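Me: I would like to go through a structure and ask, for each label, what it rests on. Please set the values against the cut-offs.

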Amino acid sequence: MSLGDQQDPHGHPLIVLSNDEACTDENRASVNVLFGSTKRPAAASRPFEIVCDEADGFEKSTVVDCSRIYFIPKGKLARRLGSVSHVRRVQASRKIAEVFRLVLH
């Protein structure tokens, strides 16, 4: 997905974390997301980031920050770019668990 509003005409790439039921529920006005930004070729990823690419529905290589989960209004979502691959979903899940020190069994 990308985020669209007057201050961000190009749209920030993002991953929607909320499940399908929350996204389609008309009584829920907001969803949970992770924001991304274009990855510069020479830039190394930080320990709390994952890198997504075209296989994940992004238009170019994108660094996604897994250390901050945002709650944004659904109306700010501009367009769907694609689906995040299973491999990247697992990476994001593990990174979120690591960053927030969640115990998974």
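Reply: In this predicted model, the chain exposes about 7,100 Å², and carbon and sulfur atoms supply 52% of that area. Buried residues make up 33% of the 105 residues in the chain.

Me: Which elements does the chain have, and in what order do they run?

Reply: The chain has two helices and seven strands. Read from the N terminus, the order is β-β-α-β-β-β-β-β-α. Among the contacts with a separation of 6 or more, 60% are between residues 24 or more positions apart.

Me: What makes Ile50 a buried residue?

Reply: The cut-off for buried is under 20% relative accessible area. Ile50 has 5%, so Ile50 is buried. Its place is in strand β4, residues 49–52.

Me: Which residues does Ile50 touch, leaving out those up to four places away in sequence?

Reply: Ile50 touches Thr62, Val63, Val64, Cys66, Arg88, Gln91, Ala92 and Lys95. For one of these, Gln91, there is also a C-alpha distance: the two atoms are separated by 7.1 Å, while the residues are 41 apart along the chain.

Me: How many aromatic pairs are there, and why is the pair of Phe35 and Tyr70 called edge-to-face?

Reply: The count comes to one aromatic pair. A pair of aromatic rings is described by the distance of the centres and the angle of the planes. Ring centres must lie within 6.5 Å to pair, and planes over 60 degrees apart count as edge-to-face. The centres of the Phe35 and Tyr70 rings are 4.8 Å apart and their planes are at 70°, so the pair is edge-to-face.

Me: What parts of the chain does this pair link?

Reply: The pair links distant parts: Phe35 is in strand β3 (residues 30–38) and Tyr70 is in strand β6 (residues 70–73), 35 residues apart.

Me: Are Phe35 and Tyr70 buried or partly exposed, and how do you know?

Reply: Phe35 has 17% relative accessibility, which is under 20%, so Phe35 counts as buried. Tyr70 has a relative accessible area of 31%, which lies between 20% and 50%, so Tyr70 is partly exposed.

Me: What makes Phe100 partly exposed and Arg101 exposed?

Reply: Exposed means over 50%, and partly exposed covers the values between 20% and 50%. Phe100 is at 39%, so Phe100 counts as partly exposed. Arg101 has a relative accessible area of 71%, so Arg101 is exposed. Phe100 is in the segment after α2, and so is Arg101.

Me: What else can be said of Phe100 and Arg101?

Reply: Leaving aside neighbours within four places in sequence, Phe100 is in contact with Cys66, Ser67 and Ile69. From Phe100 to Arg68 the C-alpha distance is 9.6 Å, and the two are 32 residues apart in sequence. Arg101 has a phi near 55°, a positive value in a residue other than glycine.

Me: How is the largest pocket described, and which residues are closest to its centre?

Reply: The largest pocket has a volume of about 570 Å³. It is lined by 24 residues, and the closest to its centre are Ile15, Val16, Leu17, Ser18 and Arg89.

Me: Which elements supply this lining, and what classes of residue does the lining have?

Reply: At least two lining residues come from each of β2 (8–16), α1 (20–24) and α2 (86–99). The largest share, four residues, comes from α2. By class, the lining of the largest pocket has 13 nonpolar, six polar and five charged residues.

Definitions and conventions
Residues numbered from 1 in each chain as written. Predicted model: local features only at pLDDT ≥ 70, side-chain atom pairs only at ≥ 80, totals over all residues. Heavy atoms only, no water. Phe/Tyr/Trp six-rings, centres within 6.5 Å; stacked < 30°, edge-to-face > 60°. Buried < 20%, exposed > 50% of the residue type's maximum accessible area, 1.4 Å probe, protein only. 1 Å grid on protein atoms, 1.4 Å probe; cavity = no way out; pocket = protein on both sides within 12 Å on 5 of 7 lines; lining within 4 Å. Points joined across faces, edges and corners; volume = space filled by probe spheres on them. Nonpolar A, V, L, I, M, F, W, Y, C, P; charged D, E, K, R; others polar. Contact = heavy atoms within 4.5 Å. Areas by Shrake-Rupley, 256 points an atom, 1.4 Å probe, with all protein chains shown as cover.
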